[in-house]
Amino acid sequence: MKRRGVPAWWYSDAPVPLGARMLSSVYGGLIGARRALYRKDWLKPQRVPVPVIVVGNVAVGGTGKTPLTIALVERLRAAGWKPGVASRGYGRDNESTPGWVERDTPASEGGDEPVLIALRTGAKVRVDRDRVAAARALAQAGCDIVVCDDGLQHYRLARDVEIDVVDARRHGNGQLLPAGPLREPIERAAECDFRVVNVGSEAVETGFGEWPMRLVPGDAYPLHGGRPHPLSVFAGQRVHAVAGIGHPERFFSMLRAHGIAVVPHAFSDHHDYTPADFEFGSRLPVLMTEKDAVKCRDLALPSHFEDAFESVPVRAELPEAFWIALLDRLPARGGASA
């Protein structure tokens, strides 16, 4: 099993090593100076000609940003908008080169999350380290609103709505990297327009001003085509469960909640799979996240596994009041972004 874990002290009361505390102070000084430049207008955010919604984290780690981005695109489209998605495309082979991502773009070229978003939504997806350039390209391509996937700290792009996505761990010990999981001071979260809490399958209560998001699994789809299977088909069976996401245990817990006996295989986020990763030593069905599946669909898998690999999609469900509040924050369609 390959896994890049997080320091034990991030999400516990364990003492933080002195070295991590010292580095955290340096990091805090750097990001504080950068934020001050924007607050004093010495650096100015760049406005694009369409509204921008930014989905991101104050803390590091996978919390469900991609399912929420997909849900946003679908809901905006239902409300009459023509949404496009801007992303850095983390993990692609040449991150310095911008480009368009299609349904059939290899994950090595487009990044796993952008390819998944394009596959699920059919929306225009632009990958570029420069989010301003990506948003402008989307506007020029006919999109009248941009959803920026994981761009909360990309201050150069002016935005109309900010969404901070957290899970049951919230912001951990509340300290900055590497002493804690925070990319920015915890006060930054209060500046966001919405805080969405991925409650998963756990009994997590949301606080005042927080919106619960539940990730609901759908049928499992064979990696190389074929009829989908309800998860109930796997109930009572042992399966190999593969998750190369920010918080793999969430995927494993979701499968266990459906009565599936999980043999867990946790990989680092954005892991670049090889056939050797699937030499598990036993011939059981293999269930993996959609994000992993887009990276494995063109992989030469072991012959005895090819028909056993299945992808489990999830759908983000949020209260109707959240969507009403979100749409109310946006300018009228066809109007200039404020």
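Which side chain meets that of E162 in a salt bridge? In this predicted model, the partner is R159, with an N to O distance of 2.5 Å. The legends below begin with this pair.

**Figure 1. Close-up of the salt bridge between E162 and R159.** Both residues are buried: E162 is so classed, and R159 likewise. Side chains of opposite charge can pair when their charged atoms come close. Over the whole structure, the count of salt bridges comes to 22.

**Figure 2. Close-up of E191 and R188 in helix α6, which spans residues 187–191.** The side chains of E191 and R188 form a salt bridge with an N to O distance of 3.7 Å. The two positions are three residues apart, so about one helical turn separates them. An α-helix has 3.6 residues a turn, so residues three or four places apart point the same way. The partners differ in accessibility class: E191 is partly exposed because its relative accessibility is 45%, whereas R188 is buried at 1%. Through shared partners, salt bridges join R35, R159, E162, E184, R188 and E191 into one network.

**Figure 3. Close-up of the salt bridge between R250 and D167.** The closest N and O atoms of this pair are 2.6 Å apart. R250 belongs to helix α7 (residues 248–256) and D167 to strand β6 (residues 161–167), so that the pair links distant parts of the chain, 83 residues apart. R250 is buried, as is D167. D167 is also one of the residues that line the largest cavity, the subject of the next view.

**Figure 4. Close-up of the largest cavity, which holds about 40 Å³ of space.** The structure has one cavity of 30 Å³ or more. Its lining consists of Y11, N57, A59, V60, T63, V165, D167, R169 and R170. Sorted by class, the lining comprises four nonpolar, two polar and three charged residues. R170, one of the lining residues, is placed in the loop between β6 and α6. This arginine is partly exposed, because its relative accessible area is 24%, a value between the 20% and 50% limits of that class.

**Figure 5. Close-up of backbone features in the loop between β6 and α6, the location of R170 and P178.** Most residues other than glycine have a negative phi, and most peptide bonds are trans. R170 has a positive phi, near 50 degrees, although the residue is not a glycine. The peptide bond from L177 to P178 is cis, and its omega is near -10 degrees.

**Figure 6. Close-up of helix α4, residues 112–121.** Eight of the ten residues in this helix are buried, so α4 is largely enclosed by the rest of the structure. The buried residues are D112, E113, P114, V115, L116, I117, A118 and T121. Just after the helix, G122 adopts a positive phi of about 70 degrees.

**Figure 7. Close-up of a nonpolar surface patch formed by L37, W42 and L43.** Together the three residues present about 310 Å² of accessible area. L37 is situated in helix α1, while W42 is located in the loop that runs between α1 (18–39) and β1 (52–56). W42 counts as exposed because its relative accessible area is 61%, and the cut-off for that class is over 50%. L37, by contrast, is partly exposed, with a relative accessible area of 30%. For a sense of scale, the C-alpha atoms of L37 and P83 are separated by 31 Å, the two residues being 46 residues apart along the chain.

**Figure 8. Close-up of D41 in the loop between α1 and β1.** D41 has a positive phi of about 65 degrees, although this residue is not a glycine. Its relative accessible area is 45%, so D41 is classed as partly exposed. The loop between α1 and β1 also holds W42, one of the residues of the nonpolar patch.

Conventions. Residues are numbered from 1 along each chain as its sequence is written. This is a predicted model: local features need pLDDT of at least 70, side-chain atom pairs count only at pLDDT 80 or more; totals for chains, interfaces and linings use all residues. Side-chain values use heavy atoms; hydrogens and water are left out. Patches are made of residues with over 30% relative accessible area and no salt bridge: like charges are joined within 9 Å, nonpolar side chains (Val, Leu, Ile, Met, Phe, Trp, Tyr) within 5 Å. Accessible areas come from the Shrake-Rupley method with a 1.4 Å probe; for residues, only the protein chains shown count as cover. A salt bridge is a side-chain nitrogen of Lys or Arg within 4 Å of a carboxyl oxygen of Asp or Glu. Helices (H or I, at least four residues) and strands (E, at least two) are DSSP runs, numbered from the N terminus. Buried means under 20% relative accessible area, exposed over 50%, partly exposed in between (1.4 Å probe, protein chains only). On a 1 Å grid over the protein atoms alone, a cavity is a set of points where a 1.4 Å probe fits but cannot get out, and a pocket is an open set with protein on both sides within 12 Å along at least five of seven lines; lining residues have an atom within 4 Å of a point. Grid points are joined across faces, edges and corners, and a volume is the space filled by probe spheres set on the points. Ala, Val, Leu, Ile, Met, Phe, Trp, Tyr, Cys and Pro count as nonpolar, Asp, Glu, Lys and Arg as charged, and the others, Gly among them, as polar.
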